[in-house]
Structures are given as C-alpha cells and as structure tokens.
Amino acid sequence: MSSFRKNVDACNDGNAPKGYCASQDYSEGSDYLVHDIAQHTNLRSGPHELLSRGVLGKRKLPVSPVKMLVGREGNCTGRGRFSSADGCHVLSRYLPVNGPRWVDRLQSRAYVSQFSADGSLFVAGFQKSHIRIYDVDKGWKVQKNILAKSLRWTITDTSLSPDQRFLVYSSLSPVVHIVNVRSAASESIANITEIHDGLDFSVDGYNDDDYDALGIFSVKFSTDGKELVAASSDNSIYVYDLESKRPSLRIPAHRSDVNTVCFADETGHLLFSGSDDHLCKVWDRRCFGTRGKAAGVLIGHLEGITFIDSRGDGRYFISNGKDQTTKLWDIRKMSSKTPYTRRPRDSDFDYRWMDYPTHARALKHPHDQSLATYRGHNVLRTLIRCYFSPAYSTGQKYIYTGSSDGSLYIYDLVTGAQVASCHGHEKPVRDCSWHPLYPMIITSSWDGVIARWEFPGSEEEPSEAGGRRKRKRKKA
C-alpha cells in the first residue's frame with residue numbers, strides 16, 4: 001500500500017480531525033495521478049532514505065531535526081550536506097503560526113498582499129486607493145506609499161515585475177496603471193508627484209457601455225516581464241504586450257465574470273482561468289489562433305471560483321471556490337469536450353452577504369475531475385485567495401488560504417489534513433503571502449490590519465489589538 005493511501009486511510013479511520021481531510025478521487029484511471037502528486041511532493045520535501053531509517057531499518061517519518069543534523073554531520077548519505085529535499089523536510093516542520101504581530105493598519109479594507117520573488121519587498125493594497133511597498137529587510141519600513149488613480153470601488157490586484165522595477169495595479173476599470181517602484185520619490189501620488197501610466201485593456205470596437213462595464217479582477221506579470229495577463233468582468237481573458245502598449249489577445253473565455261487567471265509556468269504558453277460559471281479552463285496560446293477555444297475544461301466546483309494558483313510546473317494548480325472548498329487539479333484530467341452541465345447547488349445563495357447553506361456542504365458535483373478537495377475555511381464576502389507554500393522552504397507540501405472568519409488555514413497537500421490555523425483578525429482575510437525563504441506569513445484583512453505570523457515564538461504573542469492572544473494550532 002502506498003504511503004499516500006495509508007495517509008488517506010488514516011483520515012478515514014478517524015485519526016485526523018473530522019472535516020479536516022481532503023476527499024480524494026480514486027476512480028479507475030485517476031489513481032495513478034493522485035499517486036503522482038504524492039510522489040512529486042515527497043521528492044521535493046522528503047528526507048533521504050538513509051536519514052529516515054528507524055531502529056529496525058524501517059522508514060519512519062517525519063524525521064526529527066536533531067536526527068537529520070546528526071545524519072548530515074556523520075555523512076551517512078555520502079554527500080556531506082543536505083539536499084534541497086532534506087532542507088525542506090526540516091524547514092517545513094516549523095510552521096509560521098505564532099502571532100499576530102502588526103505590520104500596519106489603515107482605516108481601509110486590505111484587499112491584496114504579496115511578497116516579491118526574493119522576499120525583500122512586500123506589497124499591500126487597500127480599498128481607499130492606498131498601496132504600500134514595505135522594505136522587509138529594513139524592519140518593514142515603508143519604501144513607497146502609492147495613492148492610486150481612477151479607482152473604481154477598490155484595488156482588485158497588484159503585481160510586481162520580475163525585476164522588481166515596476167508595479168501594476170488594477171481596479172474595476174479597463175485601465176491598469178503602472179508605477180516605477182525604484183524611483184526616488186517615497187510618496188507616489190498619481191500624476192501629481194509621479195506619473196502612473198495607464199494601460200488600456202479595452203480593444204477596438206468597444207462602445208461606451210462596454211468600456212464602462214469592463215473591470216479587471218486579477219492581473220499578473222509574465223516571468224519575462226514583457227506581458228500582463230488579466231481576468232475581467234466581461235467574461236474574458238486579456239494578454240497585454242508592454243512593448244507595444246496594447247492588448248495582444250482577448251479570449252472570450254467563460255460564461256460569467258472571470259475572477260482569476262495566471263500563467264501555468266515560466267514559458268508563458270499555458271494559462272489557467274477560473275470564473276463565476278464554476279469552471280476552470282486551460283488555454284494554450286500556441287494553438288489558440290487555429291483552434292480558438294480552451295485546450296481543456298475542468299469541472300468540480302459547485303459555485304464560482306475566486307482564485308487560482310499554479311504550482312509552476314504547468315501541470316498542477318489549486319482553486320478556491322464559493323462552494324467553501326479548495327480543489328487540487330491535474331490538467332491531464334481535463335476534457336476538451338466537457339459540456340456546461342447543471343450542477344447541484346442552492347440557486348438562492350449569494351456569497352457576498354449570505355452564509356453557505358448547511359445542506360449544500362454535503363453536495364458534490366457528479367462529474368468532479370479534481371484530485372482532492374480541502375474543507376474547513378470559508379469563502380464568503382469577497383474573492384478569497386489560496387496558494388501553494390514556497391518551494392524553497394517547504395517543497396510545496398502545503399496549501400494555505402484566507403477565510404471570511406478572519407483566519408488563515410494551512411492544509412497538507414497530500415493527506416488533506418488541516419495542520420494549522422491562525423486566528424487574529426476581526427474580519428475576512430482576503431489575501432495572504434508566505435515568505436519565499438523564511439517561516440513567515442503575512443495576512444491582509446478587511447479589518448485594515450496587515451499581520452505577521454512567524455516561527456519561532458512562544459505560545460502567546462502580543463497583539464496590537466490589545467492584550468495577548470492564545471494561539472490555536474493543530475499538530476501536524
């Protein structure tokens with residue numbers, strides 16, 4: 001029996017808390033795909049076999065840090081050092097769940113948060129036009145305070161260029177603005193102290209009504225920094241060429257708002273999108289000109305999709321859904337002929353102001369193509385985001401998500417167990433970001449607080465909100 005099967009059986013046998021295990025698809029023809037993600041995760045975060053042997057020679061996991069260090073110093077693997085997987089096995093045990101410690105607070109809802117690729121900068125976007133860029137290495141000093149231009153309702157997304165020279169921010173408007181992060185000015189007030197160039201995502205042929213209705217929910221830089229990809233309220237995906245300063249591609253992608261889109265990997269050929277039509281779609285730009293349709297569709301959510309995060313390998317991604325679940329997908333299970341079928345759902349449900357019906361939590365899509373489903377958090381009020389944990393420190397063995405109950409939840413990718421939860425906000429945690437190198441997570445909430453969660457720390461941490469908060473944590 002595979003270790004993955006054993007872990008899931010442990011959940012089913014009641015050795016993990018009820019409600020904290022992912023439901024897995026073991027239908028014939030998909031079992032090898034489920035096993036594959038377990039093997040990939042083990043290769044990235046599992047210790048060397050010689051370091052994990054117990055007294056009787058049997059493999060015993062997890063391996064304590066002390067034993068790992070003794071094995072390294074004794075050169076029992078013959079390498080004289082830890083491999084990246086060995087390092088991840090040690091580091092991934094130290095979850096950043098001690099806190100909260102305040103980074104900042106504004107009298108405005110925090111909507112987005114993002115570490116730069118090297119972790120030296122942190123970006124936070126707020127509803128009332130404010131974006132702040134913090135220098136993490138200099139004690140979270142505000143490096144740049146940006147006052148956005150032409151805002152409609154809120155800042156919906158931000159994205160740093162790969163070289164960290166530019167920041168783009170979007171709103172419920174067809175114009176995305178770009179700011180020079182490295183300019184000398186610490187205060188960047190749109191078109192007063194600095195120019196915020198507008199990048200118009202509308203295409204030729206748009207009339208005034210079309211233009212006014214177009215809003216951008218999500219925007220991302222390509223890995224080469226030459227393009228932007230955006231998800232919009234006109235059911236479309238846009239690709240914007242920064243060199244020509246115009247949209248290079250518009251894809252009528254879904255039957256409802258496209259809430260999220262991202263590049264699948266560093267090549268930029270594949271795109272993943274998610275919509276209020278409850279579908280995830282895969283787009284291959286290399287053949288789009290001839291086919292004009294999605295490379296494949298993945299179904300399983302019962303309600304709209306709020307966010308998608310790619311594992312970066314062009315194969316796996318996760319999605320948050322308004323059906324109160326996070327799902328794991330493998331694009332090898334996608335179908336190019338999947339029809340738009342009716343699914344069991346509560347037709348009166350509106351996530352913006354209603355609680356999810358209790359009876360609906362037991363519903364499942366009859367043609368669910370996901371590999372796993374993670375439950376325990378709440379996806380209500382806003383487009384709450386989820387992510388894979390960092391490759392460098394954890395081997396992407398966890399996924400984590402904000403929640404409308406003011407908490408952060410961390411799940412084991414393979415077993416589905418909820419390994420930790422952080423409770424410290426008074427309103428929904430819309431976004432969160434795990435430092436790419438260190439055990440640190442930042443949560444951004446509608447209570448206006450940007451909070452830091454770290455390891456190490458004591459069981460109790462001071463909170464700017466007053467008093468001391470007892471940390472609630474589930475053991476892995």
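Let me begin with one pair of residues: the bridge partner of Phe388 in strand S25 is Ile399. Please keep in mind throughout that what we are looking at is a predicted model.

That pair belongs to the contact between S24 and strand S25, residues 398-402, which run antiparallel and are joined by three bridges. If we step back from these two strands, we find that they are part of an open sheet of four, in the order S24-S25-S26-S27, with antiparallel pairing. At its edges are strand S24, residues 386-388, and strand S27, residues 418-423, each of which pairs on one side only. Neighbouring strands of this sheet are turned against each other by 15° on average, with direction ignored.

As general background for anyone new to sheets, strands pair through backbone hydrogen bonds, and they do so either parallel or antiparallel.

Now to the chain as a whole. The protein chain contains seven helices and 32 strands. It has 476 residues, of which 57% are buried, and it exposes about 20700 Å², with carbon and sulfur atoms supplying 48% of that area. If we take the contacts between residues at least 6 apart in sequence, 56% of them join residues that are at least 24 apart.

Let me turn to another sheet, which is also open and also made of four strands, this time in the order S7-S8-S9-S11, again with antiparallel pairing. Strand S7, residues 157-160, and strand S11, residues 197-200, stand at the edges with a single partner strand each, so one side of each has no neighbour in the sheet. From one strand to the next, the twist averages 25°.

Within this sheet, I would like to follow the chain from S7 through S8 to S9. S7 and S8 run antiparallel and are joined by four bridges, and one residue pair to look for is Asp157, which stands opposite Ser170 in S8. The two strands form a hairpin with five residues between them, and in that turn Gln164 has a positive phi of about 65°. A further hairpin, through four residues, takes us from S8 to S9. Strand S8, residues 166-170, pairs with strand S9, residues 175-180, in the antiparallel sense over four bridges; here Phe166 stands opposite Asn180, while Leu167 stands opposite Val179. How many of the five residues of S8 are buried? Four of them are, so S8 is largely enclosed by the rest of the structure.

My next topic is the cysteines. A disulfide, in general, is a covalent bond between the sulfur atoms of two cysteines, and this structure holds zero of them. Why does Cys432 not form one with Cys386? The sulfur in Cys386 is the closest cysteine sulfur to that of Cys432, but the two are 8.3 Å apart, which is too far for a bond. Cys432 counts as buried, at 1% relative accessibility, whereas Cys76 is partly exposed, with a relative accessible area of 32%.

I will finish with Thr77, which is found in the loop between helix H3, residues 65-73, and helix H4, residues 84-91. A polar atom of the Thr77 side chain lies 3.4 Å from the backbone nitrogen of Arg79. If we leave aside the neighbours within four places in sequence, Thr77 is in contact with His48, Leu50 and Leu51.

How values were computed. Residues numbered from 1 in each chain as written. Predicted model: local features only at pLDDT ≥ 70, side-chain atom pairs only at ≥ 80, totals over all residues. Heavy atoms only, no water. Polar contact = N/O pair within 3.5 Å; in protein donor to acceptor, adjacent residues only side chain to side chain. Contact = heavy atoms within 4.5 Å. Pairing = 2+ DSSP bridges. Axes fitted to C-alpha atoms, helices over the stretch in contact; angles between N-to-C directions. Buried < 20%, exposed > 50% of the residue type's maximum accessible area, 1.4 Å probe, protein only. Areas by Shrake-Rupley, 256 points an atom, 1.4 Å probe, with all protein chains shown as cover. Disulfide = S-S within 2.5 Å.
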